[in-house]
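User: I would like to go through this model and ask what each structural label rests on. Please set each value against the criterion behind it.

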Amino acid sequence: MLKIGITGGIGSGKTTICKVFETLGIPVFYADTVAKQIMTTDSILIEGIKTTFGAQSYFEDGVLNNKHIASIVFNNETELNKLNALVHPAVFRAFDEWDAKLPQHLPYSLKEAALLFESGSYEMCDKNILVTAPHALKIARVTQRDNVSEEQVLARMNKQFTDRQKLKMADYLIENNENRSIILQVLDLHEAFLKMAK
Ligand code: ATP
């Protein structure tokens, strides 16, 4: 079974596009959602976090002390890199477990990750899709979706590679703007992946 990575900047519409693939019967692994879940379930990750950021990273009942972690990694690239170096391999492990359980007759699966290129995860996929959208449209969509300010969206955007950097690493592009149908673009790629999987 082929493994296809899909990414895009904040608000580019990658989750929306994954939902279209799901309607075609393609399973999607949502890496960012899984990353949050495994913070309290993956014992190797939990030990790593406690060793690196202190036992107070978790409350006695096992709940993650988000405030403690955020206070350390916020605006501190070195500490954030340490956290990512623990979380990314744990997400890779979770993906492999998930993927191994999928029915083998499926042509391909999708791995959706905001930091697909930044984490090195794209190297484990056979092909990678980049979703792009106009800057102003991304900001408008996210401010509305998350009820946050433009400044907060820009701060989140600045932590990611630019589309220009990601384009160099992507095999396929989906343009999620007001002039192009995402459904037709997904159908084209789906056809291509079905052929590739044969
Ligand atoms: P993030 O990285 O922040 O999770 P994302 O790339 O997964 O973002 P989505 O959540 O899919 O982006 O889309 C952002 C918002 O824009 C959502 O509210 C979604 O419904 C809307 N949206 C995305 N694409 C379209 C589209 N083609 N037409 C209308 N609304 C759209």
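The questions below take up the sheet, the helices, the ligand shell and the domains in turn.

User: What kind of model is this, and how do you know which strands make up the sheet?

Analyst: This is a predicted model. Its open sheet holds five strands in the order E2-E3-E1-E4-E5, with parallel pairing. The criterion for pairing is at least two bridges between two strands. Strand E1 (residues 2-8) and strand E3 (residues 108-112) share five bridges in the parallel sense, E1 and E4 are likewise joined by five, and E4 and E5 by four, so each of these pairs satisfies the criterion of at least two.

User: Which residues stand opposite each other in these pairs?

Analyst: Isoleucine 6 has glutamate 112 of E3 as its bridge partner, while isoleucine 4 stands opposite lysine 127 in E4. Further along the sheet, isoleucine 129 is partnered by tyrosine 172 in E5.

User: Why are strand E2 (28-30) and strand E5 (172-175) said to stand at the edges?

Analyst: Each of E2 and E5 has a single partner strand, so one side of each is left without a neighbour in the sheet. From one strand to the next, the twist averages 25°.

User: What makes the span of H6 agree with the expected value?

Analyst: The expected span is 1.5 Å times one less than the number of residues. H6 has twelve residues, for which 16 Å is expected, and the distance from its first C-alpha to its last is 16 Å, so the two values are close. Just after H6, asparagine 147 takes a positive phi of about 55°.

User: How is helix H9 (residues 182-197) placed on the sheet?

Analyst: Helix H9 lies across E1, E3, strand E4 (127-132) and E5, and it runs at about 155° to E1.

User: What makes a residue count as part of the shell around the ligand, and which are the closest?

Analyst: The criterion is a C-beta atom, placed from the backbone, within 6 Å of the ligand. On that basis 14 residues surround the ligand, the closest being Gly13, Thr15, Thr16, Arg141 and Arg145. Helix H1 (14-23) and helix H6 (135-146) are the elements that give two or more residues to this shell, whose residues divide into four nonpolar, seven polar and three charged.

User: How do you know that domain 1 and domain 2 touch?

Analyst: The protein is divided into domain 1 (1-27 + 107-198) and domain 2 (33-101), and their C-alpha centres lie 24 Å apart. Contact is judged residue by residue, with C-beta atoms within 7 Å; six residues of domain 1 are in contact with five residues of domain 2, so the two domains do touch by this criterion. On the side of domain 1 that touches domain 2, the residues divide into one nonpolar, three polar and two charged.

Conventions
Residues numbered from 1 in each chain as written. Predicted model: local features only at pLDDT ≥ 70, side-chain atom pairs only at ≥ 80, totals over all residues. Nonpolar A, V, L, I, M, F, W, Y, C, P; charged D, E, K, R; others polar. Axes fitted to C-alpha atoms, helices over the stretch in contact; angles between N-to-C directions. Domains from an automatic or database assignment.
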